[in-house]
Amino acid sequence: MPDRARRCRNAYIVEALLEYLISLLVSGAFLSAILRQVGVSDAVTGVVSSIISLACAAQLFSGLLARPGRSVRRTMLALGAANQLLFAALYLVPFIRASQGARSALFILMILSAHLIQNLSRPLKYQWLMSFVAPRERGWFTARKEIVSLIGGMLFTLAMGRMVDHFTAQGREKTGFILCGAAMAAVAALYFVVLFSIDDAPGLEPRSAASLREQIRNMLTLLGGNKAFRRLLLCDILWKAAVYLSTPYFGTYLIGELGFSLTAVSLLGIVPGLLRALVSPWFGRFADRKSWAASLTLGLSIAAAAFLVNAFTRPGPARLLYAVYAALYAASLASVNGGLTNITYDYIDERLFAHAMGAKNAVSGVLGFLVSLAGSAVVRSVQARGSVLLGHVVYAQQLLSFAAFLLIALLALYVRFAVASMPRAEEARS
């Protein structure tokens, strides 16, 4: 059993890396490149990105996938194959002989379907793969997994970016694009092979099948009768509200008002990423030694400091404060990203984990998206006034950063005094 568990844990680390590489090829600059080839305008590209973020609502129904007598592994393999095939096929859409409108509609349908499938399976898949990790080792394991994904992702995007730039400089942009799609297909195939190598985990299937009505009842029970879940849900909502309110508008601030070159922007992404990889092991061991609540409180405190620093970032010499923000924020994510997920194990019965995680991510994701619209309204309003507030030059991103600081500081206090004081699930059972 120890050898089997170790093999499955190592395969899980590789699976997480490959899934991350696939996500990089269908998001950010790569997603914009595909949409440009399809013929979609920049305005529509922004709408597509926003719609995709709402796919997290599918996690509400993840519990329906667990059926008595049905292998969780087999279900995850089928959904994983469908999900990755849809992502890989996105690179074929620009070469379909059809009208620009038809190609755009097909692309949106395919990418939205891929994200819906991915989100539908995510809570149960996470529970399956983490079943091979001992509870007291989850912090260290999460750190190792994140380090591999971060470093692999940085090297991969650098290689893909240089390849595309090389062929674009030669006037052969489509060649680089085709090679990108080929790389996507190869990674997707390897992903399925690695996922296939992970064993089944008995005990995840429920004793009886859950209908849609029962699934909704379970969600309402968690919301109405489980104080621990309500507090954890509020944590997710406050975090995503702070992040979605502010960070989507930092990119234009960097290359616009702050005047950073694209090379400098790249460095501002790579260097903090390396810092995050360096501090992840420490946060992982800290969470295993103390608790996820303690680790999360520390990470949130660092994140609050990051956004406070960014509230003072402005054109001129103070623009270098953005590098301080980026470093602090990256370090905080080493704790916050894994902490918001793994803390669920501490306070929610493991039998309800998939329901709880799905509901948390769905509700907080949708609310976070709505908050991002408020951020957009602030940006438009401030820019319409020429970035002048009460006679002083104040940029919208500074206001949004300060608002994020207040929300995250409040969240850190909430985790410290309201969440950490709750009895753990194992204590409640005993």
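This passage walks through the aromatic rings of the structure and then visits a few other residues in its helices. The model is predicted, and the values given here are computed from it.

A helpful place to begin is with the rings. A pair of aromatic rings is described by the distance of the centres and the angle of the planes. Across the whole structure, a search finds 12 aromatic pairs. One of them joins Phe307 and Tyr325, whose ring centres are 5.5 Å apart. The planes of Phe307 and Tyr325 meet at 65°, and because an angle over 60 degrees counts as edge-to-face, this pair is edge-to-face. Phe307 belongs to helix α12, whereas Tyr325 belongs to helix α13, which spans residues 321-347. The pair therefore ties together parts that are 18 residues apart in sequence.

Are these two partners buried or exposed? Phe307 has a relative accessible area of 0%, so this residue is buried. Tyr325, at 3% relative accessibility, is buried as well.

Tyr325 also takes part in an aromatic pair with Tyr322. Here the centres are 5.1 Å apart and the planes stand at 55°, an arrangement that counts as tilted. Tyr322 and Tyr325 both sit in helix α13, where three residues, or about one turn of the helix, separate them. With a relative accessible area of 9%, Tyr322 is buried, because the cut-off for buried is under 20%. The picture widens further: Phe250, Phe307, Tyr322, Tyr325 and Tyr329 form one aromatic cluster.

Rings can also be found beneath charged side chains in this model, as two arginines show. The charged end of Arg73 is placed over the ring of Phe196, at 4.7 Å from the ring centre. Arg138, in turn, lies over the face of Tyr345, and here the distance to the ring centre is 3.8 Å.

Helix α12, the helix of Phe307, covers residues 292-310 and also holds Ser295. Ser295 is buried, with 1% relative accessibility. Which residues does Ser295 touch, leaving aside those up to four places away in sequence? The contacts of Ser295 are Phe283, Phe286, Ala287 and Ser335.

A final stop is Ile270, in helix α11, which runs over residues 262-289. The relative accessible area of Ile270 is 32%; this value falls between the 20% and 50% cut-offs, so Ile270 is partly exposed. Along the chain, Ile270 and Leu158 are 112 residues apart, while their C-alpha atoms are separated by 9.7 Å.

How values were computed: Residues numbered from 1 in each chain as written. Predicted model: local features only at pLDDT ≥ 70, side-chain atom pairs only at ≥ 80, totals over all residues. Heavy atoms only, no water. Helix = DSSP H or I, 4+ residues; strand = E, 2+ residues; numbered from the N terminus. Buried < 20%, exposed > 50% of the residue type's maximum accessible area, 1.4 Å probe, protein only. Contact = heavy atoms within 4.5 Å. Phe/Tyr/Trp six-rings, centres within 6.5 Å; stacked < 30°, edge-to-face > 60°. Lys NZ or Arg CZ within 6 Å of the ring centre and 35° of its normal.
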